[in-house]
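Please look through the sequence and the structure below before reading on. The paragraphs that follow go from one helix crossing to the domains and then to the contact between chains.

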Amino acid sequence: MRELDLQIAERLLDNGLTVIAVRNPTAQTFAASAVLDVDMRDEQEAERGLAYLIGECFDEGTRRRSGVELAQALDDIGCSLAGHCSGAAVTGPAKDAEPALALLREVLFEPSFPAREVARVKDEIRQEIEVDLADPRAVAQQRFRREVYGPHPYAHPEYGSAEHIARHDPEALHGFHRRWYVPRRGYVALAGPLELDRGLDVLAAEFAGLEGTATDHRPAPEPGLPEPSNVHLAMEREQVHVFVGHPGIRRTDPDYHALVVMDHILGSGPGFTARIPRRLRDEQGLCYTVHASISHTAGEEPGTFAAYIGTSPAHRDRAIAGFLEEIERIRQDLPDETELVDVRDYLTGSYVFSFERNAQLARHVIRAKRLGLGFDHLEEYPERIRAVTREDVLRVARAHLHPDHMVRVSAGGS
Amino acid sequence: MVPDVHELALSNGLRALLVRRSSLPVVASSIWYRVGSRDERTGETGLSHFLEHMMFKGTDRYAKGEIDLLTSRMGGSNNAFTDNDLTGYYFSLASDRWETALEIEASRMRNCLLDAAEFAAEKNVVLEEMAMGEDDPWTSIYRRTESLVYQVHPYHHPIIGWRQDIERVPVETMRGYYRRNYGPDRATLVIVGDIDLDRTEGRIHELFGGEQPIGGVREAVLGEPEPEGDRRATIRTPGTTTRLAIAAQTCRMGEDDDFTLDVLSCVLANGKASRLFRDMVLEQQLVSEVGTVNEPRLDPGAFWFTFELSPGVEPTRVEDALRAQLRQVEEHGVSDEELRRARTQLTSAFLFEEETALDSALRIGRWDAQCRGGYRRLAEVETRYAAVDSARLQSAVARYLSPMTWNVVTSLPGGDAERGNGAGDA
């Protein structure tokens, strides 16, 4: 099988923004993604939910046009734009990449945060919070993160709380935006059919003129290993949603690749090939959805090790026992050679499928840069996976899975 | 915009649609059976979907779990889905090993084991999937609305089936259903990717040519009579949000009105500049979310409106606002600018349906299975959208979306009060 052969080029602009072009020669569409050096970690306690609110308000209007006029401009070229707490992304037909990039720049760096629209979006977020409070899976997940992350900002939902949202006004949005949403240490990637040099020129022409002084981040406190706990939140539902786990790893952890392999042996392989889904769904029929992983959430900050199942209340204890037994087993015994080979074959063979879409390409290259891994790392991934041994899997399972520090949270039927 | 399709027809009735696409060394292989929840009778609802689960539980050649294991070892992915009108299975694999997918499909077309013990175990998984849906407010609302839109036609029952049918159905019933509905003359292969056309054709003949046709024709189903008036239901779901779904029966996939209703859907609710969003979300702030879906099917489908209401807003105000907006379109039409934007949005969406080999295979397969005239109709899409004018939108609103034909489901908060309290430590 052909190995991945990515065409990528980058340029650091004078204002500190890095622009990245990825060539996907036969694509009829493009994707552009902008990620700035800001997220919920930069919020003070009173500012909780501000970055999320800003992301939701990016398309509510700019200094040049109202939210409706912006939507019309995007509709005119068949493009879609969505904001998030660290930036925004736009997709559309390849021929319209340039006007779409201009709109992306406008929403990111010239938002107007109109008072009426901010008030409306705040109401929508309050409603989103209400919906989550009635959803046992969301309730369980939020409580799990609170227990796992302790003092770390990720203990809180990205949208803050209803009380926090009520306090944020357009002035607060403008202040936080001025301080954090600046080009320095940010990235904009364009993936599509454009030649690399042309792609970089287009990006530079659009983003070079911006200015702004970057603020330094406060380091987030490390989430230490929690004391074991067992929380059940009773809600009258057909199913109960269970999370079992503890803090995980950063993406830059040297054990990352071995943990990806471990995850796929333990709980996140395709179909029902991994041990936990095979046991709890395929053999015991306890659920429709079940998985476990430590590598999936690894980022700049520690992720979580989390095993999840949605099952009938009568099966809750059996499911948790199944999780704990399989976690113990992977810490005690070397995996079979066939399990290891199967997983390595899957991960190396399927890697190409995560580069099929322009949006995936843009996301991959920005992530590689933000994490300081470099573009070569993207092409070297299969080789690193192939180098993982059975002994590596046992070693990282023992080093990174902590049965004595498991947080167990469930919500739903009792 | 529409890829070149190489068509193959075997003497046993199997069709294959092959598309060569070499931008990446991958192949998407899919097979589409012309059977879905539409074909289920009383007492056997949910069988199409349950059978789809069982197709991974062992065949004469592949033991239980082996299909997933083989796919995984080859670095690929597979999945399946059941619809009202069809059941589809697909693999995404590297181009140097994709033919294993064909071998698997050839084996499970007629030789799925449907082992009784596996059937009993998988029944629990399906019941858990059902419970998951019952806990989801929108799933409950959609199912209730669909059962109002269709009183006679089998689209009345949910794809996953009625709980009692699933609990009671014996394995023998599923075996009979499988024998009656899975065979070469009920299937179409759709393969898109870095393939050698001649070799692929040869392998299809070799693997599927020996299968006998199952014969018979897909049974006719009862048509849905013209509604005599609007139909309404109120349900209770947990939480504090009031939701509203309004649906009306429309047309078949690929009919002239289908394209008109796609354009109408964009004009009404695609993005912040759309009519319903501007009026109901931005100006009157009656709802926080509004959506429309044109859902054509093999038999007449439905047009959907969905709303999440702002706190304190009475559902009747939302209905009134929708009536006013539809009346506006019916009486005055829409502007050329709105039409142009809607066409641009639809054309752009059409491009994204071609982004990966699997996207392309799924689009071709769906059109071929659900649209009279098959996948060839894809070539007409752009010109069909271009032909939609304001007068057509006016007439579609008058014909399909009169409030007299609405099916309205209101979901009020209160599921918690009736079923117990909200979250609390225990």
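Angles between helix axes are sorted into classes: under 35 degrees is roughly parallel, over 145 roughly antiparallel, 65 to 115 roughly perpendicular, and the rest oblique. The model to which this is applied here is a predicted one. In chain B, helix α1 (residues 47–54) and α4(B) have axes that come within 10 Å and cross at roughly 120 degrees. α1(B) and α4(B) are therefore oblique to each other. The crossing in which α1(B) passes α4(B) is right-handed. On the α1(B) side the contact is formed by B:Phe50, B:His53 and B:Met54, and on the α4(B) side by B:Glu118, B:Phe119, B:Glu122, B:Val125 and B:Val126. Sorted by class, the residues of this contact between α1(B) and α4(B) are five nonpolar, one polar and two charged.

A second helix pair, in chain A, falls into another of these classes. Helix α9 (residues 256–266) of chain A packs with helix α12 (residues 337–350) of chain A at an angle of about 110 degrees, and their axes are 9 Å apart. What is the orientation of α9(A) and α12(A) to each other? An angle from 65 to 115 degrees counts as roughly perpendicular, and α9(A) and α12(A) are therefore roughly perpendicular to each other. α9(A) passes α12(A) in a crossing that is right-handed. From α9(A), the residues that make the contact are A:Val260, A:Val261, A:His264 and A:Ile265, and from α12(A) they are A:Glu339, A:Leu340, A:Val343, A:Arg344, A:Tyr346 and A:Leu347. Seven residues of the contact of α9(A) with α12(A) are nonpolar, one is polar and two are charged.

Next come the domains of chain A. The domain assignment divides chain A into domain 1 (7–207) and domain 2 (229–412). Taken over C-alpha atoms, the centres of domain 1 of chain A and domain 2 of chain A are separated by 28 Å. Between them, 29 residues of domain 1 of chain A are in contact with 30 residues of domain 2 of chain A. On the side of domain 1 of chain A that touches domain 2 of chain A, two or more residues come from each of β2 (18–23), β3 (29–35), β5 (87–93), α5 (136–149) and β6 (187–192) of chain A. Which element gives the largest share of this side of domain 1 of chain A? The answer is α5(A), with 10 residues. By class, this side of domain 1 of chain A has 19 nonpolar, seven polar and three charged residues.

Chain B can be read in the same order. Its domain assignment gives domain 1 (6–208) and domain 2 (231–419). The centres of domain 1 of chain B and domain 2 of chain B, over C-alpha atoms, are separated by 28 Å. Here 30 residues of domain 1 of chain B are in contact with 26 residues of domain 2 of chain B. The elements that each supply at least two residues of the side of domain 1 of chain B that touches domain 2 of chain B are β2 (15–20), β3 (26–33), β5, α5 (137–149) and β6 (187–193) of chain B. The largest share of that side comes from α5(B), with eight residues. That side of domain 1 of chain B has 16 nonpolar, nine polar and five charged residues.

The contact between the chains involves 58 residues of chain B and 58 residues of chain A. At least two residues of the side of chain B that touches chain A come from each of α2 (66–73), β4 (77–82), β5 (87–94), α4 (116–134), α12 (336–352) and α16 (415–419) of chain B. α4(B) gives the most to this side, with nine residues. By class, the side of chain B that touches chain A has 16 nonpolar, 25 polar and 17 charged residues.

One residue of chain B is left to place. B:Arg252 is in the loop between β8 (243–249) and α9 (256–269) of chain B. Is B:Arg252 buried or exposed? B:Arg252 counts as partly exposed, because it has 16 C-beta neighbours inside 10 Å. Although B:Arg252 and B:Cys371 are 119 residues apart in sequence, they are 7.5 Å apart in space, C-alpha to C-alpha. Setting aside neighbours within four places in sequence, the contacts of B:Arg252 are B:Pro296, B:Arg297, B:Leu298, B:Asp299, B:Pro300 and B:Arg372.

Notes
Residues are numbered from 1 along each chain as its sequence is written. Chains are lettered from A and ligands numbered from 1 in the order in which they are written. This is a predicted model: local features need pLDDT of at least 70, side-chain atom pairs count only at pLDDT 80 or more; totals for chains, interfaces and linings use all residues. Domain bounds come from an automatic or database domain assignment. Two residues are in contact if their C-beta atoms, placed from the backbone, lie within 7 Å. Helices (H or I, at least four residues) and strands (E, at least two) are DSSP runs, numbered from the N terminus. Ala, Val, Leu, Ile, Met, Phe, Trp, Tyr, Cys and Pro count as nonpolar, Asp, Glu, Lys and Arg as charged, and the others, Gly among them, as polar. Axes are lines fitted to C-alpha atoms, for helices over the stretch in contact, and angles run from 0 to 180 degrees between N-to-C directions. A crossing is left-handed if the near helix is turned anticlockwise from the far one by less than a right angle, and right-handed if clockwise. A residue is buried if 20 or more other C-beta atoms lie within 10 Å of its own, exposed if 12 or fewer, and partly exposed in between; C-beta atoms are placed from the backbone.
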